[in-house]
Amino acid sequence: MESASSATERAAYVTADSATETGGADPSPGSPSADHRPGLDWRIRFLLLALVWGLSFLFVKISGEAFAPLQVALGRVAFGAVALLIVLVVKRDTLPRRPTLWLHLAAAGLLLNALPFTLFAYSEQRITSALAGICNATTPLFTLFVAMTALPSERPNRNRLAGMAIGFLGVLVVFGIWNGADVGDPLGAGLALAAALSMGAGWVYVRRFLTHSGHSSVSLSAAQLTAGAVELALVTPFLTSFPRAFPLAQSLSLLTLGAVGTGIAFLIQYGLVRDAGATVASMVTYLVPIISTIAGVIVLGETLNWHQPVGAVVILAGAALSQRRTSSK
């Protein structure tokens, strides 16, 4: 979902070149040896990652049937952290130790995990999972917008400005602005867009403070998810009541959302960037809203207004244009 997935939508650490473009993982801090041989073709892993992130919105919707939004977010981050901590032990890697680095990880955990996952969970109480997936597609646009605003090295060029303008025009199309925000619940869609904005700001923060920390991406991501889980664990008991029941379907959905959609998805993306490159891996972004829409319609019987998928296409076209390099003459 992350990237994304979400973007996750997606909890991977980005390279300096791809952070503002796609939210792809950074293979450089903990790259494996050159003789690494992937066990599964990268094309299969590419489709698998798109499937996992696309289905995350479905799992959020199902989990929300039994658990409060904050509980969905907490379970997602906690199960994801456990999955990555297990991988960390297997790899004989370690968590960071510097207190100042943990402060940055806590900020990243808030912007990339705790806050957006909570906002998505709240939004999907009001809108369809398909629409939430479409709103998540704006994450690359928000990332670029925040980067151009906050990072002096990120200068606007023709493609970036045009891409952002087209992408945010697509948001207006998704909202059906000519019909007075025809999205069922404007607040729900607004919460999903706020989640995408939070992740966009989070990726810029990661680029600024964490990409050159000297730790592996698995170590940093496990620490980030752990920090996010602690943040949510501190507030959730005061804002929600303990669940009265743990229905099997909803509980398994939450477990899958966290361990697979948030934890294992990172490992898939990390390997994909390593084996196929950040540019190829970033193209997963364009499949996620398609999968989330198909899953919502087929599994949950959700319906979309005609302008919502049309707006999604416009958003993705703007995101693609914003990532193109301006040709030099």
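The questions and answers below concern a predicted model of one protein chain.

Biologist: How many helices and how many strands does the protein chain have?

Modeller: From the N terminus on, the elements run α-α-α-α-α-α-α-α-α-α-α-α. The count for the protein chain is 12 helices and 0 strands.

Biologist: What share of the residues in the protein chain is buried, and what share of the exposed area do carbon and sulfur atoms supply?

Modeller: A residue counts as buried when its relative accessible area is under 20%. Of the 329 residues in the protein chain, 55% are buried. The chain exposes about 14,000 Å², and the part of this supplied by carbon and sulfur atoms is 67%.

Biologist: Where in H3 is the kink centred?

Modeller: Helix H3 covers residues 99-123, which is 25 residues. Its first and last C-alpha atoms are 34 Å apart, close to the 36 Å expected at 1.5 Å a residue. The kink in H3 is about 45 degrees, and its centre is Leu110.

Biologist: Which residue after H2 has a positive phi, and is it buried or exposed?

Modeller: H2 has 22 residues and reaches 32 Å from its first C-alpha to its last, close to the expected 32 Å. In the loop between helix H2 (69-90) and H3 sits Arg92, a residue other than glycine with phi near 60 degrees. The cut-off for exposed is over 50% relative accessible area. Arg92 has 78% relative accessibility, so the residue asked for is Arg92 and its class is exposed.

Biologist: How are H2 and H8 oriented to each other?

Modeller: The axes of H2 and helix H8 (residues 217-239) come within 8 Å, and H2 passes H8 in a left-handed crossing. Their crossing angle is roughly 150 degrees, and angles over 145 count as roughly antiparallel. H2 and H8 are therefore roughly antiparallel.

Biologist: How are H2 and H9 oriented to each other?

Modeller: The axes of H2 and H9 come within 7 Å, and H2 passes H9 in a right-handed crossing. The angle is roughly 45 degrees, which falls outside the ranges for roughly parallel, roughly perpendicular and roughly antiparallel. H2 and H9 are therefore oblique.

Biologist: At what angle do H1 and H9 cross, and what orientation does that make?

Modeller: Helix H1 (residues 42-63) and helix H9 (residues 248-276) have axes that come within 8 Å and cross at roughly 155 degrees. That makes H1, relative to H9, roughly antiparallel. H1 passes H9 in a crossing whose hand is left-handed.

Biologist: How far apart in space are Thr262 and Val77, C-alpha to C-alpha?

Modeller: Thr262 lies in helix H9 and counts as buried because its relative accessibility is 2%. In sequence, Thr262 and Val77 are 185 residues apart. In space, their C-alpha to C-alpha distance is 7.1 Å.

Biologist: How many residues of H5 are buried?

Modeller: Helix H5 (residues 139-150) reaches 16 Å from its first C-alpha to its last, close to the 16 Å expected. Its buried residues include Thr139, Pro140, Leu141, Phe142 and Met148. H5 is largely enclosed by the rest of the structure because, of its 12 residues, the number buried is 9.

Key:
Residues numbered from 1 in each chain as written. Predicted model: local features only at pLDDT ≥ 70, side-chain atom pairs only at ≥ 80, totals over all residues. Heavy atoms only, no water. Helix = DSSP H or I, 4+ residues; strand = E, 2+ residues; numbered from the N terminus. Expected span 1.5 Å × (residues − 1). Bend = angle between axes of the 7 residues up to and from the residue. Buried < 20%, exposed > 50% of the residue type's maximum accessible area, 1.4 Å probe, protein only. Areas by Shrake-Rupley, 256 points an atom, 1.4 Å probe, with all protein chains shown as cover. Axes fitted to C-alpha atoms, helices over the stretch in contact; angles between N-to-C directions. Parallel < 35°, antiparallel > 145°, perpendicular 65-115°, else oblique. Left-handed = near helix turned anticlockwise from the far one by under 90°.
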